[in-house]
Amino acid sequence: MKNLIGLFVLSSCINGFSQLLFTSKDTLRFTADSSYARSIVRFNNELVFGTSKTGVISYNEQTKATKTLISRSSDGEFRDLAVKKDVLYAMISGKNGIVYQYKKQKTKIIFQQKGIFLDDIILSKNKLYLLGDPINNHFFIAQLTLTKNHTDSLTQLYNQPEEACYAASGKTACLQSKATYSFVSGGLSSARFHHINWQTKAMESVELPMTTGIGAGPFAIFFQTPLTGAIVGGNYLKPSISNGTACFTVDGGKTWQKSETSGYRSCVTGNDHFLVACGTNGIDYSLDGGAHWVKLDNGNFCALMLEKNRLYATTNKGYCIVYQLINSTH
């Protein structure tokens, strides 16, 4: 279903930046039930959603047809997706850590480990990076070589008490550069940024100026360049509080400066010029690398995908909002 809501124009000017315009927002429905989708990707020219109840669903924007690519699993929800040409990878978050491969309409499990709650997967060439909640007092961090089906794990990065990662939108980790893998974690008394050089195995953790507590901390990270990046989060139990919800760096993560979104935000993405973040009470955007954020829209949103002049935002009720952008590159 697609419903043209009409003309929606937002114009704002921050510190001399040019205006950003959204001319319309459309609504499409990718599943008939109330599934939310914490991940959305483009695969074989269709939208693909990793859902909480329905499995992995494809949606054709021309025909409005949907198709189940990977059936739902009793082991948990599909929380993250990754694409390499004609191959789709789908991550299960739940009582067991599972990664599926979907290729030429066939599905197989390429990773499975009991007792691991996976938070994020990232695909780079023939490597699949996996991040999971701590086991035996250290984060689960692994690099799966797809051509050899070999897994190389790191066990040296220890978590603090009651500290873990949030599998909220498939944006808990990122590749900051070709060799640098970065992720965020938080909890009762911690909010941290971690980066690892996979070539040297050197790693470092940095404290973040963000809120801590039960259900709080950094949730998502995005680097526009190897030096400039932004982190969003907050407390999902107190979504209207803006204090401690974001920070940004201009030196590759050595130091972080505090900023604020319009409330709790679980996802952040962008391009070289534009950042956008969403959460349970709306969407914000930034034109200055995350130093300042402006409210874009209200609503309960889970995941984002930015494509040229379109922004896709999934909701918690089986819908996806499509914003038509006039200017996202100035």
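Which residues lie nearest the centre of the largest pocket? Select Leu81, Ile121, Ile122, Gly170 and Lys171, the members of the lining nearest that centre.

**Before going further**

This is a predicted model. Its mean pLDDT is 90, and 92% of the residues reach 70 or more. Colour by pLDDT and select residues 1-19, where the value is below 50. In the model this stretch has 50 contacts beyond near neighbours in sequence. Where pLDDT is low, the predicted coordinates should not be read in detail.

**The largest pocket**

Return to the five residues Leu81, Ile121, Ile122, Gly170 and Lys171 and extend the selection to the whole lining, which has 25 residues. The volume of the largest pocket is about 510 Å³. Now show the strands that contribute two or more residues to this lining: E3 (37-43), E7 (76-84), E11 (118-124), E16 (173-175), E20 (216-223), E24 (267-270) and E28 (301-307). Strand E3 gives the largest share, five residues. Colour the lining by class and it divides into 17 nonpolar, four polar and four charged residues.

**The largest nonpolar core**

Next select Phe274, Ile283, Leu311 and Tyr323. Within the largest nonpolar core, which has 18 residues, these four touch the most other members. At least two core residues come from each of strands E25 (275-279), E26 (282-286), E27 (294-297), E28, E29 (310-315) and E30 (319-325). Strand E28 also appears among the elements giving two or more residues to the pocket lining.

Centre on Leu311. Leaving aside neighbours within four places in sequence, leucine 311 is in contact with Val276, Leu296, Leu304, Met305, Leu306, Ile321, Val322, Tyr323 and Leu325.

Apart from this core lies another, of 16 residues; Ile116, Ile121, Leu130 and Phe140 are among them. Ile121 was selected earlier, as one of the residues nearest the centre of the largest pocket.

**Methionine 91**

Keep Ile121 on display and add Met91, which is in strand E8 (residues 87-94). Methionine 91 has 0% relative accessibility and therefore counts as buried, the cut-off being under 20%. Not counting residues up to four places away in sequence, methionine 91 touches Glu77, Phe78, Arg79, Asp80, Ile98, Leu118, Asp119, Asp120 and Ile121. For a distance check, pick the C-alpha atoms of methionine 91 and glutamate 77: they are separated by 8.2 Å, and the two residues are 14 apart along the chain.

**Serine 52**

Leave Glu77 visible and move to Ser52, in the loop between strand E4 (46-51) and strand E5 (56-59). Is serine 52 buried or exposed? Its relative accessible area is 14%, so serine 52 is buried. With residues up to four places away in sequence left out, serine 52 touches Ser35, Tyr36 and Glu77. Glu77 is also among the residues that methionine 91 touches.

**Two loop residues with positive phi**

Select Gln105, found in the loop between strand E9 (96-103) and strand E10 (106-114). Phi of glutamine 105 is near 65 degrees, a positive value in a residue other than glycine. Glutamine 105 has a relative accessible area of 62% and is exposed.

Finish at Lys201, in the loop between strand E18 (191-197) and strand E19 (203-207). Lysine 201 is not a glycine either, yet its phi is positive, about 70 degrees. Its relative accessibility is 32%, so lysine 201 counts as partly exposed.

Methods: Residues numbered from 1 in each chain as written. Predicted model: local features only at pLDDT ≥ 70, side-chain atom pairs only at ≥ 80, totals over all residues. Heavy atoms only, no water. pLDDT = per-residue confidence, 0-100. Contact = heavy atoms within 4.5 Å. 1 Å grid on protein atoms, 1.4 Å probe; cavity = no way out; pocket = protein on both sides within 12 Å on 5 of 7 lines; lining within 4 Å. Points joined across faces, edges and corners; volume = space filled by probe spheres on them. Helix = DSSP H or I, 4+ residues; strand = E, 2+ residues; numbered from the N terminus. Nonpolar A, V, L, I, M, F, W, Y, C, P; charged D, E, K, R; others polar. Core = buried A, V, L, I, M, F, W, Y, C linked by side-chain atoms within 4.5 Å. Buried < 20%, exposed > 50% of the residue type's maximum accessible area, 1.4 Å probe, protein only.
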